[in-house]
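Here is my note on this structure, written for a first look. Please keep the 3D view open and work through the points in order.

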Amino acid sequence: MKSEDTPFEGGPMDGRVLPVLLGITGHPPKTYRIPVPDPDGGPPTVLVYRRVPRAQGARTGLTRRWKYEYDPEADPGRRLNWPWSKPDTPPRGKPDDTDG
């Protein structure tokens with residue numbers, strides 16, 4: 001798989017550059033979650049970083065470079081919503097015939 005050295009800004013990872021795996025489109029993931037273990041053995045703290053474009057230079061091309069910015073208000077437990085996943089709430093639609 002292909003990876004790209006991507007800088008991180010803000011939060012505890014500020015100033016670090018990590019190799020991030022690229023997807024099939026050639027872009028890194030939109031969000032990057034980093035679990036940090038709790039020293040007391042509790043649940044880990046999850047740091048959430050969002051992908052944003054880097055500042056454009058004088059030369060613009062087809063390749064777009066990215067960086068990650070710290071997002072302290074992000075929901076660390078958010079999961080991907082797959083089309084085949086079971087919904088949390090019952091689907092709205094036609095009521096049952098036995099109701100009336």
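1. Start with Tyr32. In this predicted model, Tyr32 is partly exposed, with a relative accessible area of 23%. The cut-off for buried is under 20%, so Tyr32 at 23% does not count as buried.

2. Now turn to Phe8. Its relative accessibility is 1%, so Phe8 counts as buried. Under 20% is what the term requires.

3. How are the rings of Phe8 and Tyr32 arranged? Their centres lie 5.3 Å apart. Their planes meet at 65 degrees, so the pair is edge-to-face. That label needs an angle over 60 degrees.

4. Look at where these two rings sit in the chain. Phe8 belongs to strand E1, residues 3-9. Tyr32 belongs to strand E3, residues 31-36. The two residues are 24 positions apart, and their pair links distant parts of the chain.

5. Phe8 has another partner, Tyr49. Here the ring centres are 5.2 Å apart. The planes stand at 85 degrees, so this pair is edge-to-face too. Tyr49 lies in strand E4, residues 45-53. It is 41 residues from Phe8 in strand E1, so please trace this link between distant parts of the chain as well.

6. Is Tyr49 buried or exposed? Its relative accessibility is 0%, so Tyr49 counts as buried.

7. Step back to the group of rings. Phe8, Tyr32 and Tyr49 join Tyr68 and Tyr70 in one aromatic cluster. A search of the whole structure gives 5 aromatic pairs. Among them are Phe8 with Tyr32 and Phe8 with Tyr49.

8. Which residue lies over the face of Trp66? Find Arg51. Arg51 is placed 4.1 Å from the ring centre of Trp66.

9. Next, the overall fold. The protein has 5 strands and 0 helices. Along the sequence, the pattern reads β-β-β-β-β.

10. Contacts come next. Take the contacts in the protein with a separation of 6 or more. Of these, 35% join residues 24 or more positions apart.

11. Finish with the surface. The protein has 100 residues, and 17% of them are buried. Its accessible surface is about 8,600 Å². Carbon and sulfur atoms account for 53% of that area.

Technical notes. Residues numbered from 1 in each chain as written. Predicted model: local features only at pLDDT ≥ 70, side-chain atom pairs only at ≥ 80, totals over all residues. Heavy atoms only, no water. Phe/Tyr/Trp six-rings, centres within 6.5 Å; stacked < 30°, edge-to-face > 60°. Helix = DSSP H or I, 4+ residues; strand = E, 2+ residues; numbered from the N terminus. Buried < 20%, exposed > 50% of the residue type's maximum accessible area, 1.4 Å probe, protein only. Lys NZ or Arg CZ within 6 Å of the ring centre and 35° of its normal. Contact = heavy atoms within 4.5 Å. Areas by Shrake-Rupley, 256 points an atom, 1.4 Å probe, with all protein chains shown as cover.
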